Amino acid sequence: MENTKRTVTCGDLRKADDGKTVVLNGWIHRIREHGGISFINLRDRYGITQVVVDSDSPANLAELAKDLHMEYVVAIEGVVRARPDNMINPDMITGEIEVVAKDIKVLGKSETLPFMIDEVQKDGTPVIPNEDLRLKYRYLDLRREQMKNNIVLRSKVTFATREYLTSKGFLEIETPTFIKSTPEGARDYLVPSRVHPGKFYSLPQSPQLYKQLLMVSGFDKYFQIARCYRDEDARGDRQPEFTQIDMEMSFTNREEVLETTEGMMGYIFEKTLGKKLPAHFDRLAWDDAFDFYGSDKPDLRFDLKMQDADFMAGLSDFAAFKAGASNCGRNIPRHERTALKALVVKNVADQYSRKKIEELEGVAKKYKAKGLAWMKVNAEGNFEGGISKFYSGHEAEICSKLGASKNDLLLFVSDEDWQTACTALGAVRKQLGKDLNLYNPEDEFHFAWIIDFPYFAWNADENHWETEHHMFTLPQEKYWPTLESNPGEVKGDLYDLVLNGYELASGSMRIHDPELQQRIFKIVGYSQERAEKAFGFLVQAFKYGAPPHGGIAPGLDRLVMLMCHEESIHEVIAFPKNNLAASPMDECPSFVDEQMIKDLHIAITEREEE
């Protein structure tokens, strides 16, 4: 074969190409022999084309085809031949044709595979290798159709993001990846300096301070597809290095940030998935999110809401409900508030045995609940099971107030801590949504804004106030006069975007007044000296005319994960780390040469065994 460079891809050819001579390059996906004819499925990024070695091929190709194996890289020259109508394969985009091979050249051989590429069971279900094996041979895993599609979608989402924000006047500006270590939510990854012995750079947990400095610099609309690093335990939607769509705007307000984000999401989904999102997303106050759904990232694809049931404490002597009902109400400071919360699960009482209810109780206890009380409404409208003996005779009142009826399951969590009760029953709600498939099939992607977050949280262990978000978040203006006198009631001008039960983005308006910033530092126990040491360059910059500004940072990994209907961001990152923050493929982190350690002026006091 004189020319081995492809003239078409393995996804290009159609019936209209009948009779054309083409050159294909790709990997042998499958190969089979049938009646002296070789059928080769050739795969590249764009699709699969069936190549045939038969009586219309040169005689020497029949022998050559016998030496070919799966995942060999080959160049094939051949003639496109339309398939008869009764032999068209509707499952292949190139299923109308096949290519009759005229010449084949092996460009690269493959050893025996550690796992099959795109192996399926008899029922068509994909066979997925275990994760460690997949990550060790990630370059093979990425050949699988599902992984390829995920990475392609990620690229399209990134491009659509750039298109939208650029069209709105945003500038894409890079910020440093070697920065000063500053206190944030997680541990920093540190990089020792060879030139400055004993000093360290930090990898950014986010570009937060730098994007604020860009606002001071006059770049009023900034964005960046930003790489971020946090030294924290991995989980399905989190790993040590991740990517944000980082945004910041000057001379703005919350409404503009929210509307810009809504417009961007709408553009991304329509451009990449052909899905039209609502022009504006639901909004839910933080207090309501916890009261109704037990989470500040509720899954709103189903309607099951929690209710207050503190009235039940007065209907019997059931002791477990007394504590939860003792100090209820929004007028009680959050860290002093108690709760007795209820879920009414419609028409499922006959589906839930004691064993299944105990499984739900295990979910509640995982989130620090003392237990999960329950009872059922039977066919006669009476209570049975669980705590029913305490409430016999009160069926009419309880069912009326909770909206319960026959065959309903009633679940309760009572706790002296309002947030614990809400979170625990909220976790049960989430499990019920999954177990009973309560999701609205027409509500595939449900976005919602969570607003009016508490600004401060009380740290009972250390006996002081902390900020819920970060110390540069702007408190809502109506609370400025009472910041010091009533921190627990202060709401922040911050907002989270949630999608299908995941926090997708977090953002806020920022403090740009140095005096207000000093007040926040003081409330959380940050001395002026400590603040100067940690954030001095930002505080200094604000002295030279800082505009009002705010921003948001949607997580690109989580966004694409949800768009792909995956449950782990590992499925949408080309080369992720495993749950031990390691890479089985290149074996990092790894030991380095002793001389390199000496050059960095550091000493290792303890090492793992090599």
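**Entry 1: the hairpin and the barrel**

I began with strands S1 and S2. Strand S2 covers residues 37-44, and 7 bridges join S1 to S2, which run antiparallel. I noted the rules: strands are DSSP runs of E with at least two residues, helices are DSSP runs of H or I with at least four, and both are numbered from the N terminus. Two strands pair if DSSP finds at least two bridges between them. This is a predicted model, where local features need pLDDT of at least 70, side-chain atom pairs count only at pLDDT 80 or more, and totals for chains, interfaces and linings use all residues. Residues are numbered from 1 along each chain as its sequence is written, and side-chain values use heavy atoms, with hydrogens and water left out.

I picked out one bridge: Glu33 has Ser38 in S2 as its partner. S1 and S2 form a hairpin with 2 residues between them. In the turn, Gly35 has a positive phi of about 60°.

Next I looked at S4. S1 (residues 21-34) pairs with S4 (residues 73-82) in the antiparallel sense, over 7 bridges. Val23 stands opposite Glu77 in S4. I then followed Glu77 into S5, where its bridge partner is Asp103. S4 and S5 (residues 97-108) run antiparallel and are joined by 10 bridges.

In what order do the 5 strands of the barrel close? I read S1-S2-S3-S5-S4, with mixed pairing. Neighbouring strands of this sheet are turned by 55° against each other on average, direction ignored.

**Entry 2: the open sheet**

I traced a sheet of 8 strands. It is open, in the order S6-S9-S10-S22-S21-S20-S17-S11, and its pairing is mixed. Which are the edge strands? They are S6 (171-172) and S11 (282-285), each of which pairs on one side only.

Inside this sheet I checked S21 (residues 502-509) and S22 (residues 549-554). They run antiparallel, with 5 bridges between them. Gly507 stands opposite Ile552 in S22.

Two helices lie across strands here. Helix H4 (residues 145-167) crosses S6, S9 (221-229) and S10 (241-250), and runs at about 150° to S9. Helix H5 lies across S9, S10 and S22, at about 25° to S10. Such angles run from 0 to 180 degrees between N-to-C directions, and the axes are lines fitted to C-alpha atoms, for helices over the stretch in contact. Contact means heavy atoms within 4.5 Å.

**Entry 3: aromatic rings**

A search of the whole structure gave 25 aromatic pairs. Rings of Phe, Tyr and Trp (its six-membered ring) pair if their centres lie within 6.5 Å; planes under 30 degrees apart count as stacked, over 60 as edge-to-face and the rest as tilted. Why is the pair of Tyr210 and Phe537 tilted? The planes are at 35°, so the pair is tilted, and the ring centres are 6.3 Å apart. Tyr210 is in H5 (residues 208-216) and Phe537 in H13 (residues 528-541), so this pair links distant parts of the chain, 327 residues apart.

Tyr210 is partly exposed at 21% relative accessibility. Phe537 is partly exposed too, at 30%. The limits are under 20% relative accessible area for buried and over 50% for exposed, with partly exposed in between (1.4 Å probe, protein chains only).

I also found one aromatic cluster formed by Phe318, Phe321, Phe390, Tyr391 and Phe412. Two charges sit over rings (NZ of Lys or CZ of Arg within 6 Å of the ring centre and within 35 degrees of the ring normal). The charged end of Lys356 is 4.5 Å from the ring centre of Tyr352. Arg429 lies over the face of Phe302, 3.9 Å from the ring centre.

**Entry 4: cores and one buried lysine**

A nonpolar core is a set of buried Ala, Val, Leu, Ile, Met, Phe, Trp, Tyr and Cys residues joined through side-chain atoms within 4.5 Å. The largest has 66 residues, and Met265, Phe269, Phe447, Phe456, Phe535 and Leu559 touch the most other members. A second, separate core of 37 residues includes Tyr352, Ile357, Trp418 and Ala427.

Is Lys376 buried or exposed? Lys376 is buried, with a relative accessible area of 14%. Lys376 lies in strand S14 (residues 373-377). Beyond its neighbours within four places in sequence, Lys376 contacts residues including Tyr352, Ile357 and Asp408.
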